[in-house]
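Biologist: I'm new to this one. Can you put it on screen and walk me through some of the charged side chains?

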Amino acid sequence: MTFRHNQTVEICKKEEGSHSPGTYYYYTATILAAIGRTRYLVRYENRYSEDKTRLLTESVDESDIRPSPPSVPYAGFQVPDRVDAFINEAWRLGSIARKVDPNYYVKLDSNGIEVHCPFYKVRLHLEFEDGRWIYYRPRNDAGEAITTGVTRNDDGKESSSEEPLRRDADQANTSEPRR
């Protein structure tokens, strides 16, 4: 995927020393320049240099970069919705453990700890696959993971599929995507 100068993106970082899934953090950054064909120079919005005097700038491999996810105006999260929680200057993957109006407790995938999060620091977790934003809903009663898709047109406008996308061969379930 090609990124543009000054494009806002997210950089995926794996937690140091961890080999388990769900230990990825997403940091917001801006593309400053392309370095060859597969690397980019980025400046983080919330990470600082070691001396804490300026925003961190570093070279990042293209495979660790994704576009910024679309803004999905959704606040009615329920147990066990998959979400990202903004904690320690990064978006961390987890699931809703409980709701205390209007805020949430999010159980982080990285360490299993429940963290209290204000509603404005919780967003729907989306994966970027094959140029589309995918939401993996929790498993349904039949144990199938159901996904719905959101894409961005060339002009940056969002559109969502009306039909759930599925990762398994059985296409019998036609559940409506949650809005």
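Modeller: One term to begin with: buried means under 20% relative accessible area, exposed means over 50%, and partly exposed is in between, with a 1.4 Å probe and protein chains only. This is a predicted model, in which local features need pLDDT of at least 70, side-chain atom pairs count only at pLDDT 80 or more, and totals for chains, interfaces and linings use all residues. Residues are numbered from 1 along each chain as its sequence is written, and side-chain values use heavy atoms, with hydrogens and water left out.

Biologist: Fine. Is E58 buried, exposed or partly exposed?

Modeller: E58 is partly exposed, because its relative accessible area is 21%.

Biologist: What does E58 form a salt bridge with?

Modeller: With K13; the closest N and O atoms are 2.8 Å apart. A salt bridge here is a side-chain nitrogen of Lys or Arg within 4 Å of a carboxyl oxygen of Asp or Glu.

Biologist: Where do the two sit in the chain?

Modeller: K13 is in strand β1 and E58 in strand β4 (residues 55-61), 45 residues apart, so the pair links distant parts of the chain. Strands (E, at least two residues) and helices (H or I, at least four) are DSSP runs, numbered from the N terminus. K13 is partly exposed too, at 25% relative accessible area.

Biologist: How many salt bridges are there in the whole structure?

Modeller: A search finds 10. One of them joins the side chains of R123 and E10, at 2.9 Å from N to O. R123 belongs to strand β10 (residues 122-124) and E10 to strand β1 (residues 8-14), with their positions 113 residues apart.

Biologist: And are R123 and E10 buried or exposed?

Modeller: Both R123 and E10 are buried. They also belong to a network of salt bridges that links E10, R66, D84 and R123.

Biologist: What about E114, which residue does it pair with?

Modeller: R98, with 3.4 Å between the closest N and O atoms. E114 lies in strand β9 (residues 114-117) and R98 in strand β7 (residues 90-100), so the pair ties together parts 16 residues apart in sequence. E114 counts as partly exposed because its relative accessibility is 39%, and R98 is partly exposed at 41%.

Biologist: New topic. Where is T30?

Modeller: In strand β2 (residues 24-35). T30 is buried, as its relative accessible area is 14%.

Biologist: Which residues does T30 touch?

Modeller: Leaving aside residues up to four places away in sequence, T30 touches N6, Q7, T8, L41, V42, R43 and E45. Contact means heavy atoms within 4.5 Å.
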